[in-house]
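Subject: Structure for your review

Dear colleague,

Please find below the structure that I am handing over to you. My notes on what was found in it follow.

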Amino acid sequence: ATLMASVDETLYDISGPRTMLGTGTACQIRFSELSTIAEEHILFDIDDDNKVTATLLTDQEVYINGKRLLHTRQLQSGDEIQLAPDIKMIFNYLED
């Protein structure tokens, strides 16, 4: 599974059973210079069926396809994840 950030057109790989996004050193996807991203912002989990869920780890607002993420949500290809007012990412499953 991949995320593409609209900020810099970078592709980020979501691999392993868990991938955390944030500014902290424990994050696998790290945004070091962005004050609008929390140290531990969002967690992506991959289950045994290769389905990815997003879990909110911050009190900051995160939106998926325009709807506020309140806790956990399963992602679908093409989902737009708004991490902060100036940061959008598009989630996709990669074809094998």
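Does Lys 88 count as exposed, partly exposed or buried, and what is its relative accessibility? The model is a predicted one, and in it Lys 88 counts as partly exposed, at 33% relative accessibility. Its salt-bridge partner is Glu 80, with the closest N and O atoms 4.0 Å apart. Glu 80 is likewise partly exposed, having a relative accessible area of 28%.

Salt bridges

Searching the whole structure gives three salt bridges. Side chains of opposite charge can pair when their charged atoms come close. Besides the pair described above, there is one between Asp 45 and Arg 18, whose side chains meet at 2.6 Å, N to O. Asp 45 belongs to strand S5 (residues 42-46) and Arg 18 to strand S3 (residues 18-22), so this salt bridge ties together parts that lie 27 residues apart in sequence. The two partners are placed in contrasting surroundings: Asp 45 is buried, with a relative accessible area of 17%, whereas Arg 18 counts as exposed at 52%.

Another salt bridge joins Arg 68 and Glu 61, and here the closest N and O atoms are 3.6 Å apart. Arg 68 counts as partly exposed, with 41% relative accessibility. Glu 61 is also partly exposed, and its relative accessible area is 41%.

Thr 58

Thr 58 sits in the loop that runs between strand S6 (52-56) and strand S7 (63-64). Is this residue, Thr 58, buried or exposed? Thr 58 is buried because its relative accessible area, 15%, is under the 20% cut-off. The side chain of Thr 58 reaches the backbone nitrogen of Gln 60 at a distance of 3.1 Å. When neighbours within four places in sequence are left aside, Thr 58 is in contact with Ala 38, Glu 40 and His 41.

Nonpolar core

The largest nonpolar core is made up of 22 residues. Those with the most contacts inside this core are Leu 21, Ile 42, Phe 44, Leu 75, Ile 81 and Leu 83. Two or more residues of the core come from each of the elements S5, S6, strand S10 (80-84) and strand S11 (87-92). Strand S5 therefore appears twice in these notes, as it also holds Asp 45 of the salt bridge with Arg 18.

With kind regards

Technical notes
Residues are numbered from 1 along each chain as its sequence is written. This is a predicted model: local features need pLDDT of at least 70, side-chain atom pairs count only at pLDDT 80 or more; totals for chains, interfaces and linings use all residues. Side-chain values use heavy atoms; hydrogens and water are left out. Helices (H or I, at least four residues) and strands (E, at least two) are DSSP runs, numbered from the N terminus. Buried means under 20% relative accessible area, exposed over 50%, partly exposed in between (1.4 Å probe, protein chains only). A polar contact is a pair of N or O atoms within 3.5 Å; within protein, one must be able to donate a hydrogen and the other to accept it, and residues adjacent in sequence count only if both atoms are side-chain atoms. Contact means heavy atoms within 4.5 Å. A nonpolar core is a set of buried Ala, Val, Leu, Ile, Met, Phe, Trp, Tyr and Cys residues joined through side-chain atoms within 4.5 Å.
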